[in-house]
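Please look through the structure shown here together with its sequence. The paragraphs that follow go from backbone details to sheets, helix packing and a pocket.

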Amino acid sequence: MACPVTDYIARNSLDDTLFIPKMFQGFPEIKEALISNRMQAGFLVAPMALALRSQGVPIKIVYLGHRYGSAVVVSKNGPVRHVPDLVGKTVAVPSRFSDERLIILKALKEHGLPPSSVKLVEMSPPDVAGALAAGAVDGFSMGEPYPSQAEMGGFGRVLFHAKEYWPDYMSCVLVVRDDIISRRPQAVQVLVDGIARSGLWLDQGRAEREYAAEFVGRYYYSQPPALLRHALLEPIDRVQYTPLAPREADFNLVQDLMLEHGLLNRRMAFEEFVDIQFADKAQHQTAWKYAPWLLED
């Protein structure tokens, strides 16, 4: 959400374009675009960003996209009422290298259940709600707005939000190619500053989130604004956009889980995959001064 908000407000309040946003339907496509240099910056799930860096892909994390905002959803009238009820069930996740997969494994472990007790299948995020409604899967672990889509459709129920098992849960991170960081650090700083200002703006209150749901739904995601309003406001802390600076302790936990489940072949130093300079400078930013709804009749 912070990405299209930054683009929209910048285009409507400044004289220059910060970047050209492009929407992808899945994380593998984003990965390939970054590797081939068809895209120089992008939002990836954190474990995928770490795995790519460990494999030599020249990217670094410079900021976060949001905190919380992911949930495990099951059939509203189905038999799954508690985490142990997931045993023997099929659950969709966006990628093998995703926080959404790790949160399922983390919840299973806390209930003394092995990873093999649940069948995890990879599925493109836009497809999971339909798969749950059709009974093709028993549940899914995904970021918003897909949990909200299942809730509003009347066929899904949140089994648990990620933050219930993972305090300070983070999902998407902003990555930038190394060559851009080296050649155009000021451009990277402008981008990170914009994301920071958008996060602060979104966390100001209901009016900002309601307005963001309208223009992001209509002009960027082709999704009903009512769906995004639900994801942003029911409740208002369902997704949080501050603080977004990368923190070493958060990534230590991600690495611990990835190593435990064979997703990394070695532990990396924080500085190997995060360039903190941009977040350090962005901490002095303030929210966008943008409230066009005050001018509306």
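Y68 belongs to strand 3, which covers residues 67–68, and in this predicted model its phi lies near 65°, a positive value in a residue other than glycine. Most residues other than glycine have a negative phi, and most peptide bonds are trans. Against that background two further backbone details deserve attention. The bond that joins E234 and P235 is a cis peptide bond with omega of about -5°, and P235 sits in the loop that runs between helix 10 (225–233) and strand 10 (239–240). A cis peptide bond also leads from T242 to P243, again with omega near -5°, and P243 is placed in the loop between strand 10 and helix 11.

From these local features one can turn to the sheets. One of them is an open sheet of three strands, arranged in the order 1-9-2 with antiparallel pairing. Strand 1 (41–45) and strand 2 (59–64) form the edges, and each has a single partner strand, so that one side of each remains without a neighbour in the sheet. When direction is ignored, neighbouring strands of this sheet are turned against each other by 40° on average. Strand 1 and strand 9 (residues 172–177) run antiparallel and are joined by five bridges; within this part of the structure, F43 stands opposite L174 of strand 9. Helix 8 lies across strand 1, strand 2 and strand 9, and it runs at about 30° to strand 2.

F43 also offers a link to the beginning of the chain, since it appears among the contacts of C3. C3 is part of helix 1, which spans residues 2–13, and when its neighbours within four places in sequence are left aside, C3 is in contact with F19, F43 and I195. The separation between the C-alpha atoms of C3 and D275 is 19 Å, although these two residues are 272 residues apart along the chain.

A further open sheet contains five strands in the order 6-5-7-4-8, and its pairing is mixed. Its edge strands are strand 6 (119–122) and strand 8 (156–161), each of which pairs on one side only, and the twist from one strand to the next averages 30°. At one end of that order, strand 4 (residues 70–75) pairs with strand 8 in the antiparallel sense over five bridges, and the bridge partner of V74 in strand 8 is R157.

Helices lie across this five-stranded sheet as well. Helix 4 (residues 99–110) lies across strand 4, strand 5 (90–93), strand 6, strand 7 (139–143) and strand 8, and its direction is at about 125° to strand 7. Helix 6 (residues 146–153) lies across strand 4, strand 7 and strand 8, and runs at about 130° to strand 7.

Helix-to-helix packing can be followed in the pair formed by helix 3 (residues 46–54) and helix 11 (residues 248–260), whose axes are 10 Å apart and meet at an angle of about 75°. Helix 3 and helix 11 are therefore roughly perpendicular to each other, a class that takes in angles from 65 to 115 degrees. On the side of helix 3 the contact involves A46, P47, L50 and A51, which meet F251, V254, Q255 and M258 of helix 11. Sorted by class, the contact of these two helices comprises seven nonpolar residues, one polar residue and no charged residues.

The last stop is the second largest pocket, which has a volume of about 200 Å³. Its lining is made by 15 residues, of which Y63, L244, A245, A282 and Q283 are the closest to the centre of the pocket. Helix 8 (185–202) and helix 13 (277–282) each contribute at least two residues to this lining, and helix 8 is also the helix that lies across strand 1, strand 2 and strand 9. In terms of residue class, the lining of the second largest pocket consists of 10 nonpolar, four polar and one charged.

How values were computed. Residues are numbered from 1 along each chain as its sequence is written. This is a predicted model: local features need pLDDT of at least 70, side-chain atom pairs count only at pLDDT 80 or more; totals for chains, interfaces and linings use all residues. Side-chain values use heavy atoms; hydrogens and water are left out. On a 1 Å grid over the protein atoms alone, a cavity is a set of points where a 1.4 Å probe fits but cannot get out, and a pocket is an open set with protein on both sides within 12 Å along at least five of seven lines; lining residues have an atom within 4 Å of a point. Grid points are joined across faces, edges and corners, and a volume is the space filled by probe spheres set on the points. Helices (H or I, at least four residues) and strands (E, at least two) are DSSP runs, numbered from the N terminus. Ala, Val, Leu, Ile, Met, Phe, Trp, Tyr, Cys and Pro count as nonpolar, Asp, Glu, Lys and Arg as charged, and the others, Gly among them, as polar. Axes are lines fitted to C-alpha atoms, for helices over the stretch in contact, and angles run from 0 to 180 degrees between N-to-C directions. Angles under 35 degrees count as roughly parallel, over 145 as roughly antiparallel, 65 to 115 as roughly perpendicular and the rest as oblique. Contact means heavy atoms within 4.5 Å. Two strands pair if DSSP finds at least two bridges between them.
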